[in-house]
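These notebook entries record what I looked up in one protein model. I began with the whole chain and then turned to single residues and ring pairs.

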Amino acid sequence: MTKTQSLSSDIYAIADIHGRADLLEAMLGYIAAASDDHQSKPVVIFLGDLIDRGPDSPKVLDQVCSTLDLYPGSRLILGNHDFYLRELLRGTLTQEDAVNWMDWGGVATVSAYSSCPVPDFENIAADIRRVFPHHVDLLENALTFKEMGRFCFVHAGIRPGILLAKQDEYDLRWIRTGFLDHMDVFGHVVLHGHTITKSLRPEVYANRIALDTGAYRTGRLSAAVIRRDALSHFVCTELTDTGAIHVGEWQPG
(Lines give C-alpha, C1' and ligand atoms only; values in the text may rest on other atoms or scores of the structure.)
Protein backbone atom coordinates (compact mmCIF):
# COMPACT_ATOMS: atom_id res chain seq x y z
CA MET A 1 0.00 0.00 0.00
CA THR A 2 1.41 3.35 -0.99
CA LYS A 3 1.70 6.33 1.32
CA THR A 4 -0.86 8.18 -0.79
CA GLN A 5 -3.35 5.34 -0.47
CA SER A 6 -2.78 5.10 3.30
CA LEU A 7 -3.65 8.80 3.69
CA SER A 8 -6.75 8.69 1.48
CA SER A 9 -8.18 5.25 2.33
CA ASP A 10 -10.34 4.49 5.32
CA ILE A 11 -8.83 1.65 7.36
CA TYR A 12 -11.18 -0.80 9.05
CA ALA A 13 -9.74 -2.93 11.87
CA ILE A 14 -11.94 -5.94 12.74
CA ALA A 15 -11.15 -8.20 15.69
CA ASP A 16 -12.06 -11.71 16.83
CA ILE A 17 -14.80 -12.86 14.48
CA HIS A 18 -14.70 -16.42 15.86
CA GLY A 19 -16.85 -18.10 13.24
CA ARG A 20 -19.62 -15.46 13.16
CA ALA A 21 -19.94 -15.22 9.39
CA ASP A 22 -23.37 -13.60 9.76
CA LEU A 23 -21.95 -10.63 11.66
CA LEU A 24 -18.98 -10.32 9.32
CA GLU A 25 -21.24 -10.38 6.26
CA ALA A 26 -23.15 -7.39 7.65
CA MET A 27 -19.89 -5.59 8.46
CA LEU A 28 -18.52 -6.13 4.96
CA GLY A 29 -21.79 -4.89 3.51
CA TYR A 30 -21.44 -1.70 5.53
CA ILE A 31 -17.84 -1.25 4.35
CA ALA A 32 -18.83 -1.75 0.72
CA ALA A 33 -21.65 0.79 1.00
CA ALA A 34 -19.46 3.31 2.84
CA SER A 35 -16.69 2.99 0.25
CA ASP A 36 -19.08 4.19 -2.46
CA ASP A 37 -18.77 7.65 -0.90
CA HIS A 38 -14.97 7.73 -1.30
CA GLN A 39 -12.73 7.81 -4.35
CA SER A 40 -10.30 5.26 -2.94
CA LYS A 41 -11.04 1.75 -1.80
CA PRO A 42 -10.87 0.99 1.92
CA VAL A 43 -8.22 -1.12 3.58
CA VAL A 44 -9.44 -3.87 5.91
CA ILE A 45 -7.15 -5.28 8.58
CA PHE A 46 -8.40 -8.43 10.27
CA LEU A 47 -6.86 -8.68 13.74
CA GLY A 48 -7.05 -12.46 13.94
CA ASP A 49 -9.08 -15.21 15.57
CA LEU A 50 -11.26 -15.79 12.55
CA ILE A 51 -12.13 -19.27 13.75
CA ASP A 52 -13.45 -21.40 16.63
CA ARG A 53 -16.46 -21.23 18.93
CA GLY A 54 -18.84 -19.74 16.37
CA PRO A 55 -20.77 -21.83 13.84
CA ASP A 56 -19.18 -21.07 10.47
CA SER A 57 -15.40 -20.70 10.51
CA PRO A 58 -14.86 -21.92 6.90
CA LYS A 59 -17.27 -19.27 5.58
CA VAL A 60 -15.44 -16.59 7.58
CA LEU A 61 -12.16 -17.54 5.91
CA ASP A 62 -13.89 -17.41 2.52
CA GLN A 63 -15.14 -13.90 3.34
CA VAL A 64 -11.68 -12.78 4.44
CA CYS A 65 -10.06 -14.19 1.29
CA SER A 66 -12.59 -12.33 -0.86
CA THR A 67 -12.04 -9.10 1.07
CA LEU A 68 -8.26 -9.24 0.67
CA ASP A 69 -8.73 -9.75 -3.07
CA LEU A 70 -11.24 -6.90 -3.31
CA TYR A 71 -9.40 -4.25 -1.31
CA PRO A 72 -5.67 -3.87 -2.09
CA GLY A 73 -3.49 -3.41 0.97
CA SER A 74 -5.84 -5.36 3.23
CA ARG A 75 -4.23 -8.03 5.41
CA LEU A 76 -4.84 -10.70 8.01
CA ILE A 77 -3.00 -10.63 11.34
CA LEU A 78 -2.65 -14.18 12.65
CA GLY A 79 -4.48 -14.80 15.93
CA ASN A 80 -3.69 -17.49 18.47
CA HIS A 81 -6.66 -19.59 17.33
CA ASP A 82 -5.71 -19.17 13.66
CA PHE A 83 -2.19 -20.29 14.59
CA TYR A 84 -3.53 -23.68 15.65
CA LEU A 85 -5.28 -24.19 12.31
CA ARG A 86 -2.15 -23.16 10.44
CA GLU A 87 -0.10 -25.66 12.46
CA LEU A 88 -2.63 -28.39 11.73
CA LEU A 89 -2.36 -27.71 8.00
CA ARG A 90 1.43 -27.70 8.21
CA GLY A 91 1.42 -31.03 10.03
CA THR A 92 3.24 -29.47 12.98
CA LEU A 93 0.41 -29.22 15.54
CA THR A 94 1.77 -30.53 18.84
CA GLN A 95 -0.24 -32.80 21.11
CA GLU A 96 -0.38 -30.11 23.79
CA ASP A 97 -1.59 -27.49 21.33
CA ALA A 98 -4.16 -29.90 19.89
CA VAL A 99 -5.65 -30.55 23.34
CA ASN A 100 -5.74 -26.84 24.16
CA TRP A 101 -7.24 -25.97 20.78
CA MET A 102 -10.05 -28.49 21.08
CA ASP A 103 -10.82 -27.26 24.61
CA TRP A 104 -10.91 -23.64 23.43
CA GLY A 105 -13.37 -24.06 20.57
CA GLY A 106 -11.46 -25.95 17.92
CA VAL A 107 -13.98 -28.78 17.75
CA ALA A 108 -16.49 -26.42 16.11
CA THR A 109 -13.93 -25.50 13.46
CA VAL A 110 -12.68 -28.94 12.47
CA SER A 111 -16.24 -30.29 12.50
CA ALA A 112 -17.31 -27.54 10.11
CA TYR A 113 -14.44 -28.38 7.78
CA SER A 114 -14.46 -32.18 7.80
CA SER A 115 -16.61 -35.19 8.66
CA CYS A 116 -13.56 -36.99 10.03
CA PRO A 117 -13.85 -37.47 13.79
CA VAL A 118 -11.60 -35.73 16.30
CA PRO A 119 -8.73 -36.50 16.79
CA ASP A 120 -8.14 -37.77 13.24
CA PHE A 121 -6.16 -34.63 12.53
CA GLU A 122 -4.17 -36.04 9.62
CA ASN A 123 -7.29 -36.70 7.54
CA ILE A 124 -9.00 -33.51 8.73
CA ALA A 125 -6.00 -31.54 7.49
CA ALA A 126 -6.02 -33.44 4.20
CA ASP A 127 -9.70 -32.59 3.69
CA ILE A 128 -9.05 -28.89 4.31
CA ARG A 129 -6.01 -28.76 2.04
CA ARG A 130 -7.95 -30.48 -0.76
CA VAL A 131 -11.17 -28.43 -0.58
CA PHE A 132 -9.90 -25.11 0.77
CA PRO A 133 -6.39 -24.51 -0.61
CA HIS A 134 -7.06 -20.74 -0.53
CA HIS A 135 -7.46 -20.99 3.25
CA VAL A 136 -4.01 -22.54 3.48
CA ASP A 137 -2.58 -19.64 1.47
CA LEU A 138 -4.45 -17.11 3.62
CA LEU A 139 -2.95 -18.44 6.84
CA GLU A 140 0.53 -18.84 5.39
CA ASN A 141 0.53 -15.21 4.21
CA ALA A 142 -0.81 -13.77 7.47
CA LEU A 143 1.25 -11.18 9.35
CA THR A 144 2.13 -10.98 13.03
CA PHE A 145 1.68 -7.19 13.12
CA LYS A 146 1.33 -4.24 10.77
CA GLU A 147 2.35 -0.61 11.19
CA MET A 148 0.29 2.06 9.44
CA GLY A 149 0.92 5.69 10.30
CA ARG A 150 0.39 6.33 14.02
CA PHE A 151 -1.11 2.88 14.51
CA CYS A 152 0.09 -0.66 15.03
CA PHE A 153 -2.29 -3.52 14.33
CA VAL A 154 -1.75 -6.75 16.30
CA HIS A 155 -3.87 -9.59 17.63
CA ALA A 156 -3.18 -9.54 21.38
CA GLY A 157 -0.78 -6.68 22.05
CA ILE A 158 2.91 -5.90 22.37
CA ARG A 159 5.57 -6.21 25.05
CA PRO A 160 6.42 -2.71 26.39
CA GLY A 161 9.97 -1.49 25.85
CA ILE A 162 10.71 -3.77 22.90
CA LEU A 163 10.91 -2.61 19.29
CA LEU A 164 8.20 -4.02 17.04
CA ALA A 165 10.76 -5.81 14.90
CA LYS A 166 12.10 -7.51 18.05
CA GLN A 167 8.73 -8.57 19.49
CA ASP A 168 8.21 -12.24 20.25
CA GLU A 169 5.48 -13.73 18.05
CA TYR A 170 4.01 -15.53 21.05
CA ASP A 171 3.50 -12.19 22.82
CA LEU A 172 1.87 -10.67 19.75
CA ARG A 173 -0.69 -13.50 19.74
CA TRP A 174 -1.14 -14.11 23.49
CA ILE A 175 -0.03 -11.24 25.73
CA ARG A 176 -2.34 -9.81 28.39
CA THR A 177 -0.44 -9.05 31.60
CA GLY A 178 2.23 -6.45 30.92
CA PHE A 179 0.29 -4.99 28.01
CA LEU A 180 -3.27 -4.39 29.20
CA ASP A 181 -2.03 -2.90 32.47
CA HIS A 182 0.66 -0.72 30.82
CA MET A 183 -0.33 2.94 31.15
CA ASP A 184 2.53 4.68 29.34
CA VAL A 185 2.52 5.38 25.62
CA PHE A 186 3.94 2.97 23.07
CA GLY A 187 5.64 3.97 19.85
CA HIS A 188 2.24 3.57 18.18
CA VAL A 189 -1.38 3.47 19.23
CA VAL A 190 -2.03 -0.27 19.34
CA LEU A 191 -5.25 -1.67 17.88
CA HIS A 192 -5.88 -5.17 19.20
CA GLY A 193 -8.38 -7.87 20.04
CA HIS A 194 -7.81 -11.14 21.96
CA THR A 195 -9.20 -9.95 25.31
CA ILE A 196 -12.94 -9.30 25.49
CA THR A 197 -13.57 -5.80 26.79
CA LYS A 198 -15.34 -5.36 30.12
CA SER A 199 -17.95 -3.08 28.57
CA LEU A 200 -18.51 -5.47 25.62
CA ARG A 201 -17.98 -2.38 23.46
CA PRO A 202 -14.79 -1.07 21.86
CA GLU A 203 -12.68 0.72 24.46
CA VAL A 204 -10.24 3.60 23.87
CA TYR A 205 -7.19 4.15 26.06
CA ALA A 206 -4.33 6.62 25.74
CA ASN A 207 -2.06 3.98 24.22
CA ARG A 208 -4.38 1.35 22.73
CA ILE A 209 -7.82 0.59 21.27
CA ALA A 210 -9.44 -2.69 22.34
CA LEU A 211 -11.82 -4.21 19.79
CA ASP A 212 -12.76 -7.72 20.96
CA THR A 213 -16.44 -7.45 21.90
CA GLY A 214 -16.99 -11.20 22.23
CA ALA A 215 -18.82 -11.76 18.94
CA TYR A 216 -19.23 -15.49 19.43
CA ARG A 217 -21.23 -15.06 22.64
CA THR A 218 -22.49 -11.45 22.60
CA GLY A 219 -23.58 -11.35 18.98
CA ARG A 220 -21.63 -8.10 18.55
CA LEU A 221 -18.75 -7.68 16.11
CA SER A 222 -16.85 -4.39 16.19
CA ALA A 223 -14.54 -2.46 13.89
CA ALA A 224 -12.51 0.72 14.34
CA VAL A 225 -12.40 3.14 11.42
CA ILE A 226 -9.11 4.99 10.97
CA ARG A 227 -9.38 8.05 8.72
CA ARG A 228 -6.47 10.37 7.89
CA ASP A 229 -4.32 8.69 10.53
CA ALA A 230 -6.82 9.24 13.37
CA LEU A 231 -9.61 7.22 14.96
CA SER A 232 -12.83 8.35 13.27
CA HIS A 233 -15.55 6.11 14.70
CA PHE A 234 -16.58 2.55 15.42
CA VAL A 235 -18.95 0.23 13.59
CA CYS A 236 -20.80 -2.61 15.33
CA THR A 237 -22.88 -5.32 13.72
CA GLU A 238 -25.17 -6.82 16.32
CA LEU A 239 -27.72 -9.62 16.45
CA THR A 240 -31.04 -8.28 17.75
CA ASP A 241 -33.74 -10.07 19.75
CA THR A 242 -35.72 -10.57 16.54
CA GLY A 243 -32.83 -12.36 14.85
CA ALA A 244 -32.05 -9.46 12.53
CA ILE A 245 -28.59 -7.91 12.39
CA HIS A 246 -28.36 -4.23 13.21
CA VAL A 247 -25.45 -2.16 11.91
CA GLY A 248 -24.61 0.96 13.87
CA GLU A 249 -21.94 3.66 14.06
CA TRP A 250 -20.87 5.34 17.26
CA GLN A 251 -18.26 7.86 18.23
CA PRO A 252 -15.42 7.23 20.70
CA GLY A 253 -15.39 9.00 24.02
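**Entry 1: the whole chain**

I noted at the outset that this is a predicted model. I looked first at contacts between residues at least 6 apart in sequence, and 61% of these join residues at least 24 apart. I then looked up the secondary structure and found nine helices and 11 strands.

Next I asked how the radius of gyration agrees with that of a compact globule. For 253 residues, such a globule would have a value near 18 Å; the protein has 17 Å, which agrees. Along the principal axes, the C-alpha atoms fill a box of roughly 50 × 45 × 35 Å.

**Entry 2: surface and charge**

I looked up burial and found that 54% of the 253 residues count as buried. The protein exposes about 11400 Å², and carbon and sulfur atoms supply 51% of that area. For charge, I recorded 23 positive and 33 negative charges. The mean positions of these two sets are 5 Å apart.

**Entry 3: His192**

I located His192 in strand β6, which covers residues 189-192. Is His192 buried or exposed? Its relative accessible area is 0%, and the cut-off for buried is under 20%, so His192 is buried. I then listed its contacts, leaving out residues up to four places away in sequence. Among them are Leu47, Val154, His155, Phe179, Arg208 and Asp212.

**Entry 4: aromatic pairs**

I searched the whole structure for aromatic pairs and found 10. I examined Tyr84 and Trp104, whose ring centres are 6.4 Å apart. Their planes meet at 35°; a pair counts as stacked under 30 degrees and as edge-to-face over 60, so this pair is tilted.

Which parts of the chain does this pair tie together? Tyr84 lies in helix α4 (residues 80-90) and Trp104 in helix α5 (residues 95-113), so the pair joins parts that are 20 residues apart in sequence. I checked the burial of each partner: Tyr84 is buried, at a relative accessible area of 3%, whereas Trp104 is partly exposed, at 33%.

I turned next to Phe234 and Trp250, which form a tilted aromatic pair with 5.1 Å from centre to centre and 35° between the planes. This pair links distant parts of the chain, with Phe234 in strand β10 (residues 230-239) and Trp250 in strand β11 (residues 245-250). The two residues are 16 residues apart. Phe234 counts as buried because its relative accessibility is 0%. Trp250 is partly exposed, with a relative accessible area of 26%.

I also recorded a cluster linked by ring pairs. Its members are Phe83, Tyr84, Trp101, Trp104, Tyr170 and Trp174. Tyr84 and Trp104, examined above as a pair, both belong to this cluster.

**Entry 5: Gly214**

Finally, I looked up Gly214. Where does Gly214 lie? I found Gly214 in the loop between β8 (208-210) and α9 (215-218). The relative accessible area of Gly214 is 1%, so this residue is buried.

I then asked which residues are in contact with Gly214, leaving aside its neighbours within four places in sequence. They are Ile196, Gly219 and Arg220. I also looked up the separation of Gly214 and Arg201, which are 13 residues apart along the chain. Their C-alpha atoms are separated by 9.0 Å.

Key
Residues numbered from 1 in each chain as written. Predicted model: local features only at pLDDT ≥ 70, side-chain atom pairs only at ≥ 80, totals over all residues. Heavy atoms only, no water. Helix = DSSP H or I, 4+ residues; strand = E, 2+ residues; numbered from the N terminus. Rg over C-alpha atoms; globule rule 2.2 N^0.38 Å. Buried < 20%, exposed > 50% of the residue type's maximum accessible area, 1.4 Å probe, protein only. Contact = heavy atoms within 4.5 Å. Areas by Shrake-Rupley, 256 points an atom, 1.4 Å probe, with all protein chains shown as cover. Lys, Arg positive; Asp, Glu negative; His and termini not counted. Charge placed at Lys NZ, Arg CZ, Asp CG, Glu CD. Phe/Tyr/Trp six-rings, centres within 6.5 Å; stacked < 30°, edge-to-face > 60°.
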